[in-house]
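Notebook open, coffee poured. I want to go through the sheets first, then the helix packing, and jot down what I find.

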Amino acid sequence: PPAYDPQSHTLVYAPAVWARLPQQPQPADLFLPVASHWRLPLPALLAPRWREVAERTPPGQALFARTLPEQARAMLGRIGQRWLARHPADAPFTPGRLRRAWTNLTQILGGLDPLLVGWLSGLWPEGHYPPLFYTTLSLPWLACRFEQALEKVGQSLGLSLDASQVLPRPLLLMGSVYHPRLSALRRAIRALARAVAEAATEAERHNALTLLTLYGLALFMGLRIGEAGRLRYGWFDLEATWRGDPLPWLTLSEAKGNRFTTAARIVPLPPPLLPALRVLLAEAPEKPLQAPAFGFVTPRGRAPATPERIAARLRALEVPVPRWHAGRHLLRSFLLRYGMDHEGANLILGHQAAGEEAWNPYRTVDIGAHFHVYRRLTLALARLLRWPEGVAGRKSP
């Protein structure tokens with residue numbers, strides 16, 4: 001159960017799933033330290049009651065008696081009997097139904113991230129693959145989202161559920177222990193761009209530009225290294241349009257859990273990567289649809305850019321590079337932090353629950369709006385990462 005801090009009137013949560021995660025410290029120069037708990041503020045309506053209980057409880061003892069759950073169930077039973085006498089068609093009151101009601105209210109009316117709702121209520125939504133540790137979000141940001149959700153629910157119910165009158169939360173980070181440091185990413189990107197600029201031959205420049213572009217697919221699109229190594233020429237459509245507007249995109253086959261687009265997902269290509277992608281795809285020696293999209297020039301000829309070759313070339317750089325999968329953690333955190341909602345982030349990363357896919361024809365999801373927000377945010381991410389411009393100015397072999 002959460003611990004109560006009477007000084008700030010917050011509940012301190014330590015998610016049980018944390019025990020199954022890799023522990024800190026990760027390499028301090030590559031990854032951010034992450035807190036194993038978060039604090040969420042109590043609504044103003046409840047703070048006096050919790051304060052009263054805390055004041056009469058000796059330090060170190062449990063805030064509530066062990067018999068409280070039984071007392072609560074008995075009280076709900078009495079209330080439920082009176083309610084059913086008036087409304088015999090309604091379902092009886094139970095703790096489980098109250099938790100489900102809270103889950104639905106905070107998620108549907110409050111707009112709170114379903115993953116955070118599931119952790120707080122203990123009702124983890126079935127089929128939701130991406131747990132919160134795929135992101136790294138600041139504690140004030142989480143608390144602010146929680147406050148906003150409670151305020152919206154309170155307005156709908158006519159209750160004072162304002163939770164903003166609490167002390168400032170510490171700037172802790174909750175989420176992935178593999179969230180890369182911005183400084184580490186910038187060092188790696190500078191090393192890759194320098195390799196392109198200082199290449200002595202066209203073959204060396206081609207290989208460096210290929211590696212930089214593939215690493216960009218991890219940072220801007222969240223591609224796993226296996227996905228990047230399996231990319232095919234025919235999966236890229238640089239002339240695609242969406243409702244009449246240009247929208248180059250990538251169709252990823254064999255994606256997880258999306259039965260509404262024949263097990264594939266469409267992701268717009270980030271504008272910062274388009275110049276290099278146009279050069280590399282246009283200069284590919286062979287262009288059958290299922291040919292590898294990217295390759296490295298070797299003394300024995302062109303070798304497909306497999307995950308093993310990509311990883312080996314990254315290890316050969318002069319600076320250490322955070323693990324490839326950290327690109328997914330970075331992207332999801334960035335999208336959520338700067339305005340994309342939970343569903344939009346999952347649409348881009350391919351983490352959608354069964355039956356809740358954006359492409360589901362029985363749902364009314366504005367996919368184009370998600371695409372528009374995503375492309376705009378990739379431009380902001382490029383500025384944050386100091387992604388190099390003009391590296392694709394010369395043609396590769």
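My entries on strands, helices and one aromatic pair follow.

**Entry 1: before starting**

I remind myself that this is a predicted model.

**Entry 2: the sheet with strands 1, 2 and 3**

I looked up the strand order here and got 1-2-3, an open sheet of 3 strands with antiparallel pairing. Which strands stand at the edges? I found strand 1 (3-5) and strand 3 (38-41) there; each has a single partner strand, so one side of each has no neighbour in the sheet. I also checked how the neighbouring strands are turned against each other: it comes to 35° on average, direction ignored.

Next I went into the pairing itself. Strand 2 (residues 10-13) pairs with strand 3 in the antiparallel sense, over 4 bridges. I picked out Tyr13 and asked for its bridge partner in strand 3, which is Trp38.

**Entry 3: the sheet with strands 6, 9 and 10**

On to another open sheet of 3 strands, also with antiparallel pairing; I noted its order as 6-9-10. Strand 6 (236-237) and strand 10 (264-268) are the edge strands, and since each has a single partner strand, one side of each is left without a neighbour in the sheet.

How many bridges join strand 9 to strand 10? I count on 5 for strand 9 (residues 249-253) with strand 10, in the antiparallel sense. Strand 6 and strand 9 pair antiparallel too, over 2 bridges.

Then I followed Leu250 across the sheet. On one side it stands opposite Val267 in strand 10. Phe236, for its part, stands opposite Leu250 in strand 9. I like having Leu250 as my marker for this sheet, with Phe236 and Val267 as its partners.

**Entry 4: helix 7 against helix 13**

I turned to the helices, with the usual two numbers in mind: packed helices are described by the angle between their axes and the distance between the axes. Helix 7 (residues 202-221) packs on helix 13 (residues 367-385) at an angle of about 120°, and their axes are 10 Å apart. That angle makes helix 7 oblique to helix 13. I wrote the crossing down as right-handed.

Which residues of helix 7 meet helix 13? I got Leu219, Phe220 and Met221, and on the helix 13 side they meet Tyr374, Thr378, Leu381, Ala382 and Leu385. Sorted by class, the contact has 7 nonpolar residues, 1 polar and no charged ones.

**Entry 5: Phe220 again**

I looked through the aromatic pairs and the structure holds 10. One of them involves Phe220, with Trp387 as its partner: the pair is edge-to-face, 5.2 Å centre to centre, with 85° between the planes. The two rings come from distant parts of the chain, 167 residues apart, with Phe220 in helix 7 and Trp387 in the segment after helix 13. So I have Phe220 down twice, in the contact with helix 13 and in the pair with Trp387.

**Entry 6: helix 11 against helix 12**

Last lookup. Helix 11 (residues 326-337) and helix 12 (residues 342-349) pack at about 150°, axes 9 Å apart. Is that oblique or roughly antiparallel? I note roughly antiparallel, because the angle is over 145 degrees. This crossing is right-handed.

From helix 11 I listed Arg328, Leu331, Arg332, Leu335 and Leu336; they meet His342, Ala345, Asn346, Ile348 and Leu349 of helix 12. The class tally for this contact is 6 nonpolar, 2 polar and 2 charged residues.

Conventions. Residues numbered from 1 in each chain as written. Predicted model: local features only at pLDDT ≥ 70, side-chain atom pairs only at ≥ 80, totals over all residues. Heavy atoms only, no water. Pairing = 2+ DSSP bridges. Axes fitted to C-alpha atoms, helices over the stretch in contact; angles between N-to-C directions. Parallel < 35°, antiparallel > 145°, perpendicular 65-115°, else oblique. Left-handed = near helix turned anticlockwise from the far one by under 90°. Contact = heavy atoms within 4.5 Å. Nonpolar A, V, L, I, M, F, W, Y, C, P; charged D, E, K, R; others polar. Phe/Tyr/Trp six-rings, centres within 6.5 Å; stacked < 30°, edge-to-face > 60°.
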